[in-house]
Amino acid sequence: MKVLKFGGTSVGSVNSILSVKKIVEAIEEPVIVVVSALGGITDKLLATSTMASKGDLAYEKELSEIIARHLDVIEGVIEDKEVRIDVQKKVMALLDELSNIFKGVYLINDLSAKTSDTIVSYGERLSSLIVSNVIKDAKLFDSRKYIKTVKQFNKHIVDFDLTNKLIKETFSPLPKVSLVPGFISSSTETGEVTNLGRGGSDYTASILATALDANTLEIWTDVDGFMTADPRVISSAYVIDRLTFTEAMELCNFGAKVIYPPTIYPVYHKNIPIRILNTFNPTAPGTYISKERVKEEGKAIIKGISSINDTCLITVQGLGMVGVIGVNYRIFKTLAKNGISVFMVSQASSENNTTFAVRNADADLAVQVLNDEFALERAQGDMNDTVAEKDLATVAIVGENMKRTPGIAGKLFGTLGRAGISVIACAQGASETNISFVIKHKYLRKALNSIHDSFFLSEYKVLNLFIAGVGTVGGNLLEQIRIQQPKLMRQNGLKLNVVGISNSKKALLCREGINLDNYLEELKENGEESNPEHLCEEIVKMNIFNSVFVDCTASPDVAALYETLMNNNVSVVAANKEAASSSYDNYTKLKETARHRDIKFLFETNVGAGLPIINTMNDLINSGDHILKLEAVLSGTLNYIFNTISADIPFSEAIHMAKEAGYAEPDPRIDLSGKDVIRKLVILAREAGYPVEQADVKRNLFIPEKYFEGSLEDFWKNIKDTDAGFEEKRQLLEAEGKRFRFVAKMENGACEVGLQAVDSHHPFYELEGSNNIIMISTERYHEYPMIIKGYGAGADVTAAGVFADIISIANIR
Ligand SMILES: NC(=O)C1=CN([C@@H]2O[C@H](COP(=O)(O)OP(=O)(O)OC[C@H]3O[C@@H](n4cnc5c(N)ncnc54)[C@H](O)[C@@H]3O)[C@@H](O)[C@H]2O)C=CC1
Ligand SMILES: N[C@@H](CC=O)C(=O)O
């Protein structure tokens, strides 16, 4: 035989009750069917009781809704008219009794525990009566007659000796289908109605299965089984096919509300397996819980992650505790005496403090009783006042295969560290089936996501991207990401999730990921008004794990956000050169923050767009080489202009063309004034190990300062005045067989930039289009410097360089 329990949602509607009928009638062997109250009725009974006890006549409306709900269900599930009338009569008789009890509570304005227990018992009495008339040949039993309880610490505890004996008597012989109300019981001493606590129907089923040696206990609910984590928080959580009793116990004790925790103990002792099944998807395999520990190749070492939102840590501490026997005994005795439940304990090996977790509601009482208990020691200065830290959350990772598997705790705490989450307390029993830790409540979602990602989704990794700037570079980058997303997921197990997109006015933020097919319209229609500070606040508030801020703006205000973002464990990838070329102090602070927080600050595209210049220099330095000298053409815009001006294309026209081609800065004066090259040279010198500031760079500029004064419009207007002069110089150079190149040099930290006329023997002479070139002389590359050359500006190559930085954070090959 087997025992099946159907929860409130399984008997909550006409359709669900009809599914229950189908499931039960398809079973050939004898079954005991345990039912909960119709979904939501227990809460409604409790709420109605409270209203009545407060003299609130509105209870009558609630009661009439309870009555209507039951009558509606009967109407929908019982086809035979005669049976239906009979059931209606019986149900109405129970509802009349209930109505009289409510009236009494209303009149005397009092609700005793005994009356409350009686009232809630009607939920299961009514549902079992109805369902017993729906399932063919079902025989109804009254659980109050055989589930007996005794009182202990204000709780009704099952009197197992008597209960087991009564169950055996009651179900002998065993009918084909026995229909049983869950949750309710009665007192061994007084016979009064009691119950097994919220969720107690699972327990009723377990008690029956154990007493009658069932072959299986089936818990039918509205989910497909135990999941690896709470699916409301982690969309990628999935059903666990097998658990041991211990693992199931750990998971449900820690907040996974699939079964009522005490359910497991009775069946565990008799090794009766539990199946968690879905009434609304009965063919799904569900979760199978048994004694056997199966180590499946390729499956995650841990089985699940669960959490308790409501956590307060209490710490009892003092040097006077060290080596004193009995302090912990006194702590936990005092808590037990006051009915305070402790769900996690951690003690420093120095013995000078004991920390434990309780519910927030128990915290004040816990502090008070412990301060009283240790009043003498506190007065003598041997111990400090007891301290409570509220608004925390406890998370546990669970799995019997963690036993003797090295590296699990390391992986767990490493993951939390990389997500910037500090662990306040932790505990792991010697059984090694559960590692629990306490964190600030505000980090709970991030912690669950990063742990789930790290332990369960190792077959794919998620990077959450915030992209600021959707112009030439940003727009191209988003398009590259859109195209590559499916391939990266398929071939490299990398999920690129764009969770934020912003321009200078608006921001679009979506934790689940933005659809890149129409983000521009979305940003325009549904983006919220934004500015850099607002953007930063929102990103920090979203608190997403594995997140990367990608700066495709040229804004100093956006660059000023990096420090805050990094301090919140957000990596930064910048096309924007503002930060890396800002003061040396700021540059080193950002680099140190990234190192300290184990995140990334990458800006490869700051010099040479997509060319691998910074990474190559870093590789040289990291392998012990020293960079002695750099000689380079680093401006795509200027090189393009010098390659484009001709008798037909004047200087000012070539600048426009460079802007159109996407080579120039948003403000092209930055390129023309030499500032962009100065910034690049400063960044390279710093990466080579020299503490250089922009002001240290010697410059030989070629456009007089006066053209950069005033507005951008003034610049476009006035720059035409230089066309004739440039044409003259160009013709002279051409006659000499030379070309203009704007060259950047660094030798042992000394930096200079300037216009040079190079002849055909010079390596920079044949530098086409917007190309860049850099010659790197090092201790190893001495006689023949290393040369890197190629496109040095442009939307697609720059976006590709930014993309490469992003991919390097994911660390995939
Ligand atoms: N174009 C190129 O070849 C290269 C460009 N870069 C750098 O890439 C960056 C972007 O350049 P482009 O795409 O050419 O410029 P762009 O002018 O086409 O785009 C800039 C974008 O930044 C946005 N923006 C400005 N202020 C903002 C703010 N406060 N918050 C959010 N968004 C803001 C604008 O709305 C625009 O969408 C610049 O820093 C540039 O130096 C780096 C290497 C090569
Ligand atoms: N405006 C820059 C773009 C790359 O940094 C250039 O012209 O080189």
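In the legends below, Ala, Val, Leu, Ile, Met, Phe, Trp, Tyr, Cys and Pro are counted as nonpolar, Asp, Glu, Lys and Arg as charged, and the others, Gly among them, as polar. The structure shown in every view is a predicted model.

**View 1. Residues around ligand 1 in the predicted model.** The shell around ligand 1 divides into 9 nonpolar, 13 polar and 2 charged residues. Of the 24 residues around this ligand, those that come nearest are Thr472, Val473, Thr553, Glu665 and Gly794.

**View 2. Polar contacts and cover of ligand 1.** From the backbone of Thr553, an N or O atom lies 2.7 Å from an oxygen atom of ligand 1, and a polar backbone atom of Gly662 is 3.0 Å from a nitrogen atom of ligand 1. The side chain of Thr798 also takes part, with an N or O atom 3.3 Å from an oxygen atom of ligand 1. On its own, ligand 1 has 840 Å² of accessible area, and the protein covers 85% of that area.

**View 3. Residues around ligand 2.** Ligand 2 is surrounded by 13 residues, of which the closest are Lys577, Thr637, Tyr663, Glu665 and Asp671. By residue class, the shell around ligand 2 is made up of 4 nonpolar, 4 polar and 5 charged residues.

**View 4. Side-chain contacts and cover of ligand 2.** A polar atom in the side chain of Lys577 lies 2.8 Å from an oxygen atom of ligand 2, while an N or O atom in the side chain of Glu665 is 2.7 Å from a nitrogen atom of ligand 2. In the side chain of Lys680, an N or O atom is 2.8 Å from an oxygen atom of ligand 2. Taken alone, ligand 2 exposes 250 Å², of which the protein buries 93%. The elements that contribute two or more residues to the shell around ligand 2 are helices α22 (636-644) and α25 (675-687).

**View 5. The buried side of helix α6.** In helix α6, which spans residues 160-170, the buried residues are Thr163, Leu166 and Ile167. These buried residues lie on the same side of α6 because they cover an arc of only 105° around the axis. An α-helix has 3.6 residues a turn, so residues three or four places apart point the same way. The packing partners of the buried residues of α6 are β4 (148-152), β5 (155-158) and α7 (200-211).

Key: Residues are numbered from 1 along each chain as its sequence is written. Chains are lettered from A and ligands numbered from 1 in the order in which they are written. This is a predicted model: local features need pLDDT of at least 70, side-chain atom pairs count only at pLDDT 80 or more; totals for chains, interfaces and linings use all residues. Side-chain values use heavy atoms; hydrogens and water are left out. Buried means under 20% relative accessible area, exposed over 50%, partly exposed in between (1.4 Å probe, protein chains only). Helices (H or I, at least four residues) and strands (E, at least two) are DSSP runs, numbered from the N terminus. The arc is that of the directions from the helix axis to the C-beta atoms. Contact means heavy atoms within 4.5 Å. A residue is near a molecule or strand if one of its heavy atoms lies within 4 Å of it. A polar contact is a pair of N or O atoms within 3.5 Å; within protein, one must be able to donate a hydrogen and the other to accept it, and residues adjacent in sequence count only if both atoms are side-chain atoms. Accessible areas come from the Shrake-Rupley method with a 1.4 Å probe; for residues, only the protein chains shown count as cover.
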